[in-house]
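Hello,

Here is the model I promised to pass on to you. Please open it first, and then read my notes below with the structure at hand.

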Amino acid sequence: MVIVMQAQATQNDVDIVTKKLVEAGLQYYLSQGEARTIIGVIGDEKSIAQLPVDVFPGVEKSIAVTESYKLVSREFRHEDTVIDVQGTKIGGRHLGIMAGPCAVESLDQLLEAASAVKRAGAQFLRGGAYKPRTSPYSFQGLEEKGLELLAEARERTGLKIVTEVLDSSAVDIVSQYADVLQIGTRNMQNFTLLKTVGKSDKPVLLKRGLAATISEWLNAAEYIMSEGNYNVILCERGIRTFETYTRNTLDLGAVAAVKSLSHLPVIVDPSHGTGHWKMVRPMARAAVAAGADGLIIEVHPNPAEALCDGNQSLTPENFSLLMDEVGAIAAITGKAIP
Ligand code: PEP
Ligand code: MN
């Protein structure tokens with residue numbers, strides 16, 4: 001069970017509730033968020049059921065949750081969560097489109113990509129300043145210089161910035177520039193990093209791990225929420241299977257599953273999910289048809305020259321076609337690109 005305390009609950013209220021739990025032989029886990037305290041209760045189900053928790057002082061509600069993730073679950077919150085990123089909404093009826101190069105390479109490259117994706121209707125500019133590359137000899141990103149270029153692109157276009165943070169020590173610096181902190185697939189179970197971004201006031205884009213089950217992915221989101229940051233956007237980006245033709249196997253079934261298991265928005269990355277630019281438009285259409293709350297797409301002004309992931313990057317022209325197509329499909333699922 002999860003006990004959600006009222007925003008105005010006092011420390012004394014929390015102490016009374018936890019004392020009652022201990023007296024009943026139960027264990028608890030306290031999550032002291034900015035806005036409110038949440039108490040996760042662990043122990044014998046019968047003892048939990050007998051407690052009149054809802055009349056304890058300062059309690060807003062209690063929720064019986066059978067899954068190990070609780071704050072993430074639909075049982076905790078029935079309505080779709082809508083995340084407000086500095087005035088731009090994602091989730092519910094709002095389809096969020098993030099697009100831009102895999103990596104920030106130069107001011108010209110970034111501004112060209114940014115103006116193209118903005119013209120086509122994207123609301124977010126993606127671009128890695130710190131790149132988690134398989135080989136240590138591959139381009140690792142422009143680092144802080146890349147963050148500055150992203151901030152300049154935001155200044156010029158008004159697009160919100162999504163960029164990856166690779167480790168806990170970089171959360172502060174990335175937060176100074178980013179509107180959304182991206183946790184990459186390789187870091188989905190970096191629990192220290194999850195807890196650190198859980199303490200941040202920036203929304204988090206949590207990519208599914210390379211070989212993570214849906215439950216592991218939702219538990220990773222729970223780590224972030226349990227630290228008080230409720231602004232989590234999930235991202236299906238393909239998983240490792242026996243198939244080698246595609247870079248990963250894009251699991252669109254996970255979108256439907258997550259929409260029923262959780263209230264959090266879930267977006268799809270068909271670029272990393274397939275690895276082939278020709279597959280990106282069809283899978284973006286399928287993702288939106290499956291009920292995804294948005295897309296993250298790699299777009300490069302000149303994919304042949306890209307320092308990273310050129311094979312899966314769309315030209316601005318192809319991205320514009322994608323936007324027209326997904327806009328039409330979104331209407332069927334009751335969503336619109338704001
Ligand atoms: C990315 O989006 O830049 C990226 C590295 O993706 P992933 O973590 O999904 O591989
Ligand atoms: Mn990439």
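The notes below go through the two ligands, the cysteines and a few residues in loops and strands.

Please keep in mind that this is a predicted model.

**Ligand 1**

Which residues surround ligand 1? They are Arg126, Lys131, Glu164, Gln182, Gly184, Thr185, Arg186, Lys207, Arg237 and His272. By class, this shell has six charged residues, four polar ones and no nonpolar ones.

Several side chains reach an oxygen atom of the ligand with a nitrogen or oxygen of their own. For arginine 237 the distance to an oxygen of ligand 1 is 2.6 Å. For glutamine 182 the corresponding distance is 3.0 Å, and for arginine 186 the value is 3.1 Å. Taken alone, ligand 1 has 290 Å² of accessible area, and the protein covers 97% of that.

**The manganese ion**

Ligand 2 is a manganese ion, and its donors are Cys102 through SG, His272 through NE2, Glu298 through OE and Asp309 through OD. The distances run from 2.0 to 2.4 Å. Along the chain, the donors of the manganese ion are spaced as C-x169-H-x25-E-x10-D. The site ties together distant parts of the chain: cysteine 102 and histidine 272 are 170 residues apart. Cysteine 102 sits in the loop between strand S7 (96-100) and helix H3 (107-120), while histidine 272 belongs to helix H9 (residues 270-274).

Histidine 272 is worth a look when you turn the model around, as this residue appears both in the list around ligand 1 and among the donors to the manganese ion. Is histidine 272 buried or exposed? Its relative accessible area is 8%, so histidine 272 counts as buried, the cut-off being under 20%.

Aspartate 309, another of the manganese donors, lies in the loop between strand S14 (294-298) and helix H11 (316-332). Its backbone has a positive phi of about 60°, although aspartate 309 is not a glycine. For background, most residues other than glycine have a negative phi.

**The cysteines**

How many disulfides does the structure hold? The number is zero. Why does cysteine 235 form no such bond? The closest cysteine sulfur to that of cysteine 235 is in cysteine 102, and because it is 13 Å away, the two are too far apart for a bond; a disulfide would need the sulfur atoms within 2.5 Å. Both residues are buried: cysteine 235 has a relative accessible area of 0%, and cysteine 102 has 2%. Cysteine 102 does have a partner of another kind, as its SG is one of the atoms that coordinate the manganese ion.

**The loop between S14 and H11**

Besides aspartate 309, this loop holds histidine 300 and proline 303. Histidine 300 is buried, at 5% relative accessibility. Its side chain makes a polar contact of 3.5 Å with the side chain of glutamine 109. A polar atom of the histidine 300 side chain also lies 2.9 Å from the backbone nitrogen of asparagine 302.

Proline 303 is buried too, with a relative accessible area of 17%. Between proline 303 and tryptophan 277 there are 9.5 Å from C-alpha to C-alpha, and the two are 26 residues apart in sequence.

**Other places to look**

- Glutamate 143 also has a positive phi, near 55°, in a residue other than glycine. Glutamate 143 is in the loop between strand S8 (124-126) and helix H4 (144-157), and at 41% relative accessibility this residue is partly exposed.
- Arginine 208 is in the loop between strand S11 (204-207) and helix H7 (214-226) and is buried, with a relative accessible area of 4%. Its C-alpha is 5.5 Å from that of glutamate 236, and 28 residues separate their positions in sequence.
- Valine 2 belongs to strand S1 (residues 2-5) and is buried, at a relative accessible area of 2%. The C-alpha atoms of valine 2 and tyrosine 28 are 9.4 Å apart, with the two residues 26 apart along the chain.

If you have time for one view, I would begin at histidine 272, which is listed around ligand 1 and coordinates the manganese ion.

Best wishes

Note on methods:
Residues are numbered from 1 along each chain as its sequence is written. Chains are lettered from A and ligands numbered from 1 in the order in which they are written. This is a predicted model: local features need pLDDT of at least 70, side-chain atom pairs count only at pLDDT 80 or more; totals for chains, interfaces and linings use all residues. Side-chain values use heavy atoms; hydrogens and water are left out. A residue is near a molecule or strand if one of its heavy atoms lies within 4 Å of it. A polar contact is a pair of N or O atoms within 3.5 Å; within protein, one must be able to donate a hydrogen and the other to accept it, and residues adjacent in sequence count only if both atoms are side-chain atoms. Accessible areas come from the Shrake-Rupley method with a 1.4 Å probe; for residues, only the protein chains shown count as cover. Ala, Val, Leu, Ile, Met, Phe, Trp, Tyr, Cys and Pro count as nonpolar, Asp, Glu, Lys and Arg as charged, and the others, Gly among them, as polar. Buried means under 20% relative accessible area, exposed over 50%, partly exposed in between (1.4 Å probe, protein chains only). Donors are N, O and S atoms within 2.8 Å of the metal (3.2 Å for Na, K and Ca); water is not among the atoms, so sites may look incomplete. Helices (H or I, at least four residues) and strands (E, at least two) are DSSP runs, numbered from the N terminus.
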